[in-house]
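I opened my notebook for a friendly look through this one. Here is what I looked up, entry by entry.

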Amino acid sequence: MPDQIWPAMDSAAKDEMQLALSPGPEWPEQERAEQLARGAALKWASGVFYRPEQLARLGQYRIREVQRTCSLEARLKSVVQSYLEGVQTGVWQLARATEVVQGTREALSQARGVLQGMSQALQTLEPLRERVAQHKQLQALSHLLPRLRAVPAAVAHTQTLIDGQQFLEAYVSLRELEQLREDTWAPLGGLELPVFQGLDLLFEALGQAVEAAAGTAGKLAREDPALLVAAVRVAEVETGRTTPLGQVPRDWRQRCLRALQEGLERAHFGSPLLPAPGALPGWLEALRVALPVELVTAEALVAPCCPPHYNVVQLWAHTLHSGLRRSLQNLLAGPELEAADAFALLHWALHVYLGQEMMGSLELGPEADVSQLEPLLTLENIEQLEATFVANIQASMSQWLQNVLDGEVAEWGREQGPNTDPSGSYYSPMPAIVLQILEENIRVASLVSESLQQRVHGMALSELGIFLRSFSDALIRFSRDHLRGKSMAPHYVPYLLAALNHKSALSSSGSVLQLDGAASGALAPVEAALDELQRRIYRLVFEALQAELQPLFADLPSRQWLSSPELLESVCERTGRFCRDFWRVRNPTVQQLLLAEAERAVVLQYLSALMQGRLVCRGADERTQAAERLRHDAAQLQQLFLSLVRASWVGRRACLSGWVGDEGCRETLPRRAQGLEEKAHCAPVLLALRELLNLRDPALLGLEVAGLRQQFPDVRCGLGAKREEKPEGGKDGADTPPWCPCSEDHVSALLGLRGDLSREQHLAALSSLQAALPPSPRASSRVLFSLVPAPAPAAASCLPSGSCARALLLAE
């Protein structure tokens, strides 16, 4: 580089610049770039001059490249020249800046010296500054001294005003004292005089007095509303005042509102003692009266004494609601409530509290509406109270029903018969009492909620089922003790019939226990228990009838029976005396069932006596006499039960109207007699047995036996029954007795009455049953012989050899 382009630079700077601009001996990037450029040029040249004919244009390419090289060199020189000119300008500016910095350094050094001299002068003036400050403080105190002397008296007077509940005057005095303290605080440099040390305590005393007045707002609104207004105004003014810097704000408005709430809760829910058992309804009733009165007082008296933004009525309603809810939660967290208390609380909280008697009263404004608040009782609380109520009611109901049952059972052993109603039916108040207990509890539960009603309804049905089972068990014990002679009941059967009336009364009145919308099968267990109770009473009644008739049939059949009707007359007399009270059963259908079952019991005893083998006819005359006796007995028994139907109907009509010859009796009695005749057992079976005895040709016995099987399919025949049980292959099993046509059956026992049949004839008659037609569907429902135990044959009459073996061969 020529030296003339750096006229202002020294030689060292020139050397440094030249060293920086000249490329170093080792510059790998430059060398690599040159190599790449040479390689690219060679590649281009080899591509362009690949063919010989292109070498002629080599001169042109050389001239073009020379021109391009010159252009590039000119451009490079121009760029380097511009760069060097910029560097020259920068170097000149740096030199000028160096001169300026040097001058500034010298000026700062001079200023530092001047400042050090001034600090020494200030130290000599410090005592003078302190004197000036003291002079200012003394000057301020001299001006405020008359007012400062009056501060103790003003403090005492303010305390007197606070004690006298003159809140506005006390607050004005305190504000003046506080302003005086602020006036002295700044001149004294933040120093507080001892005379103002009790001012904060005096403010706190006034705040507590305002809180106390707000806590009795309801009482003050009635007795001294001006005092309440003064307290609220003081709280509002103090809250809205700008607090001096460094002083904690006094939010007396919040303290006043909090005092209003605490005073209201303390007045109604301040007692820590919970209501005693049984006292909860009275406590709730007192709240029902007091809370609306409190809200009316707040709306009429307290609200005008307070600013609108206090929302006094809403504040009162929310405070009372919160306090009541907290008290109820504490109550539920304590010992378990009794049933009456749980019911009273549920009904009060769900219906009374929000009803027109209380918070929904028309005397209250819309601000008192608590419907938007959280409910008094949570779902868990309601569940707890309902469970408590149902459990207690269930225990009480169980005890009540047991007492009713004990009273009814005590009546069964008395000397007098059951009571009767105006229709002449046996009557007891027990069903009405039971249903009243259940219905009353369900009705009471419906006053609270549908869920509680459903719970009590399910519990009542369960308790009714338990009561019916207990009643049935009591009847069993009553019957066992009577039949065993432990405690003879003078009116045993009438009380059983009265129990049937109880069942009918419970069945007919059970619809009162059916809830609207309840499941259709809710009463199914109760109905099943009632049906089971009725069946058990039927069984007990006819067990008693069988016990009375069994000794009378001990002599039937016999020679005396063939010649005289006295034996059956005794049976009819005893049966008529036993059934004479059937008409006192209230349900006519049950009367018919009783008479039909009584007839069945007599026929069963009759058949059982015939099959005991106590009589065997000695000849044709005795067979004819026995057949005639069977016909006569059938007519006599049929007449007996028709007369019982007539007696029951006439007795009821006579008891109802006092006139036996009523037209309704003559119209209805034939229909009822016809109904009994359709279900009669005595005439068909005895007449069928008469045909077995009256038949003179034994060869036709098979037809009669088949006819008997057609009418009564449950009659057992040893041949037919045992043939189904015979082992396959004709061999007896190891534990199976030998099959024999002489096995116990009804037909063999009945044929044995004739006394004229050989074994072959006997087996022939039994074998004819296999070819008989199947029983008719109507006869298949008639059950009679299956209830009669057939006599077992003697062991000697069934041997694997002899006549029995020959009979077996004949049968096969």
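**Entry 1: E386 and its partner.** I looked up E386 in this predicted model and found it buried, because its relative accessible area is 3%, under the 20% cut-off. Its side chain forms a salt bridge with R455, and the closest N and O atoms are 3.8 Å apart. I then checked where the two sit: E386 is in helix 13 (residues 379–412) and R455 is in helix 15 (residues 450–483), so the pair links distant parts of the chain, 69 residues apart. R455 has 28% relative accessibility and therefore counts as partly exposed.

**Entry 2: other salt bridges.** How many salt bridges does a search of the whole structure find? I noted 26. One of them joins R577 to E573, with 3.8 Å between the closest N and O atoms. These two are four residues apart in helix 19 (residues 566–579), which means that about one helical turn separates them. R577 is partly exposed, at 36% relative accessible area, whereas E573 counts as exposed at 53%.

I also looked at D756 and R754, whose side chains meet in a salt bridge at 3.1 Å, N to O. Is R754 buried or exposed? I have R754 down as buried, at 1% relative accessibility, while D756 is partly exposed at 27%. Elsewhere, E178, R181 and D200 are joined into one network by salt bridges that share partners.

**Entry 3: helix 9.** I compared the length of helix 9 (residues 252–269) with what its 18 residues should span at 1.5 Å a residue. The expected span is 26 Å and the end C-alpha atoms are 25 Å apart, so the two agree. Buried residues in this helix include W252, C256, L260, L264 and F269. Which helices help to cover the buried residues of helix 9? Among them I listed helix 6 (199–215), helix 8 (225–240) and helix 10 (280–302).

**Entry 4: the nonpolar core.** The largest nonpolar core has 189 residues, and L206, W561 and Y606 have the most contacts inside it. I followed W561 further, leaving aside its neighbours within four places in sequence. Its contacts include Y606, L610, L615, A626 and L630, as well as D555, R629 and D633.

**Entry 5: a surface patch.** Last, I looked up a nonpolar surface patch of about 360 Å², made by L122, L125, L128 and V132. L122 is found in helix 3 (residues 58–149) and counts as partly exposed, at 48% relative accessibility.

Methods
Residues are numbered from 1 along each chain as its sequence is written. This is a predicted model: local features need pLDDT of at least 70, side-chain atom pairs count only at pLDDT 80 or more; totals for chains, interfaces and linings use all residues. Side-chain values use heavy atoms; hydrogens and water are left out. Patches are made of residues with over 30% relative accessible area and no salt bridge: like charges are joined within 9 Å, nonpolar side chains (Val, Leu, Ile, Met, Phe, Trp, Tyr) within 5 Å. Accessible areas come from the Shrake-Rupley method with a 1.4 Å probe; for residues, only the protein chains shown count as cover. A salt bridge is a side-chain nitrogen of Lys or Arg within 4 Å of a carboxyl oxygen of Asp or Glu. Buried means under 20% relative accessible area, exposed over 50%, partly exposed in between (1.4 Å probe, protein chains only). The expected span of a helix is 1.5 Å times one less than its number of residues. Contact means heavy atoms within 4.5 Å. A nonpolar core is a set of buried Ala, Val, Leu, Ile, Met, Phe, Trp, Tyr and Cys residues joined through side-chain atoms within 4.5 Å.
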